[in-house]
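Colleague: I have a model open in front of me and would like to practise reading it feature by feature. Could you walk me through it?

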Amino acid sequence: MRLPVFSLLFCCLCSVQNLVAAPQQLNLTLYTEEFPPYSFLHQGKIRGINADIILEACTLAQLKCDMVSLPWLRAFENAQQDPQSGLFPTVRTPKRSELFQWVGPIASAKAYLYRLKSRPQIAPKNLADAKNFGIAVARGDVYEEYLTEQGFKRGVNLLDFATKSEPIPLFLQGKVDLIIGSELVLPDWLAKHGKDMRLVEPVLDISAIGNNFLALNKAVSPELAHRLQQALNELKHNGRFDAIIRQYHQNPGQFQH
């Protein structure tokens, strides 16, 4: 049976309209690093303060966000090359500002140089004094970049490690003088080794460097970035943002990373 020409045209028009009306699945690949308690791999899934916050923001923004954990330098490089990607947690600095679109700030805390209380002789009064001691930094980390700009030198007073928490055992043994941490990250790092904050104390505030953000590739739709920012703002407004932070801060080491 032949259909009239106008019926065929109508069917074709409906098909085209259905294709146009079909919602486009929006996916983002979000790169991160092993940085407990902000982000870490647990039972095959990426968890943590900022990982949980961002996943909830993605849900509110009706986005599918897949998280991938890589060493920091690879994560940073991938987020610049992959047009549908982002990177977190990323400190927003003037040097990085033009490389990404920024959503945030997400969870951050004041950063300090910490010493063991049992080593009161490690007592820098300023960054110039700190050059007399060995400071642990993660390769490619913003604090390595910052301290290098302040005249610190690798292998002299900067000791490179693969991750931010890797130097903790050497620090506890007195083989690393100073580590960079905060009241959010240090309890978790120490708990992993059966220790707590009573062993350490801050000696120098270096928090002026900036806050943590989700950095999105510049090719990501600005409308999508705006939706994520609105979702993050809603999490702060309804209390979920602070509740997620409290969950991890009050129970350091609750996950075995």
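Modeller: Gladly. Let's begin with a single residue: at 67% relative accessibility, Q62 counts as exposed, because the cut-off for that class is over 50%. Keep in mind throughout that this is a predicted model.

Colleague: Where does Q62 sit, and what is its phi?

Modeller: Q62 is in the loop that links α2 and β4. Its phi is positive, about 60°, although Q62 is not a glycine.

Colleague: Which loop holds Q43, and what is the phi of Q43?

Modeller: Q43 belongs to the loop between β2 (40-42) and β3 (45-47). Its phi is near 50°, again a positive value in a residue other than glycine. With a relative accessible area of 73%, Q43 is exposed.

Colleague: Let me step back to the whole chain. How many helices and strands are there?

Modeller: Nine helices and 12 strands make up the secondary structure. For burial, look at the share of residues: 46% of the 257 residues are buried. The chain exposes about 13500 Å², and carbon and sulfur atoms supply 54% of that area.

Colleague: And how do I read contacts by their separation in sequence?

Modeller: Take the contacts with a separation of 6 or more, then ask what share links residues 24 or more positions apart. Here that share is 74%.

Colleague: Now the strands. Which way do β1 and β4 run, parallel or antiparallel?

Modeller: Strand β1 (residues 27-32) and strand β4 (residues 64-69) run parallel and are joined by six bridges. To find one of these on screen, go to T29, whose bridge partner in β4 is D66. Strand β1 also pairs with strand β5 (residues 85-91), in parallel, through three bridges. There, L30 has G86 as its bridge partner in β5.

Colleague: Which peptide bond next to P89 deserves a look?

Modeller: The bond from F88 to P89, which is cis, with omega near -20°. P89 is in strand β5, the strand that pairs with β1. A cis bond also joins G104 and P105, with omega about 5°.

Colleague: Where is P105, and is it buried or exposed?

Modeller: P105 lies in the loop between β6 (100-103) and β7 (112-116). It falls between those two classes: its relative accessible area is 30%, so it counts as partly exposed. Leaving aside neighbours within four places in sequence, P105 is in contact with N211, N212, F213, L232, K236 and F241. P105 and L214 are 109 residues apart in sequence, yet their C-alpha atoms are 7.5 Å apart.

Colleague: What lines the largest cavity?

Modeller: The lining consists of I53, I54, A57, V103, I106, L214, L228 and L232. You have just met two of these names: L214, in the distance from P105, and L232, among the contacts of P105. The cavity holds about 50 Å³ of space, and the structure has one cavity of 30 Å³ or more. Helices α2 (49-60) and α8 (222-238) each supply at least two lining residues, with α2 giving the most, at three. By class, the lining has eight nonpolar residues, with no polar and no charged ones.

Colleague: How does one go about describing the largest pocket?

Modeller: Start with volume, then the lining, then the elements behind it. The largest pocket has about 400 Å³ of space. Its lining has 31 residues, and the closest to the pocket centre are F35, A111, Y143, K164 and I180. By class, 18 of the lining residues are nonpolar, eight are polar and five are charged. At least two residues each come from β5, β8 (135-138), α5 (142-149), β10 (179-181) and α7 (185-191).

Colleague: Helix α5 holds E144. Is E144 buried or exposed?

Modeller: E144 has a relative accessible area of 4%, so it is buried, the cut-off being under 20%. For its surroundings, set aside the neighbours within four places in sequence: E144 is then in contact with V137, A138, R139, R154, L158 and D160.

Colleague: That gives me a clear route: single residues, the chain, strands, cis bonds, then cavity and pocket.

How values were computed
Residues are numbered from 1 along each chain as its sequence is written. This is a predicted model: local features need pLDDT of at least 70, side-chain atom pairs count only at pLDDT 80 or more; totals for chains, interfaces and linings use all residues. Side-chain values use heavy atoms; hydrogens and water are left out. Helices (H or I, at least four residues) and strands (E, at least two) are DSSP runs, numbered from the N terminus. Buried means under 20% relative accessible area, exposed over 50%, partly exposed in between (1.4 Å probe, protein chains only). Contact means heavy atoms within 4.5 Å. Accessible areas come from the Shrake-Rupley method with a 1.4 Å probe; for residues, only the protein chains shown count as cover. Two strands pair if DSSP finds at least two bridges between them. On a 1 Å grid over the protein atoms alone, a cavity is a set of points where a 1.4 Å probe fits but cannot get out, and a pocket is an open set with protein on both sides within 12 Å along at least five of seven lines; lining residues have an atom within 4 Å of a point. Grid points are joined across faces, edges and corners, and a volume is the space filled by probe spheres set on the points. Ala, Val, Leu, Ile, Met, Phe, Trp, Tyr, Cys and Pro count as nonpolar, Asp, Glu, Lys and Arg as charged, and the others, Gly among them, as polar.
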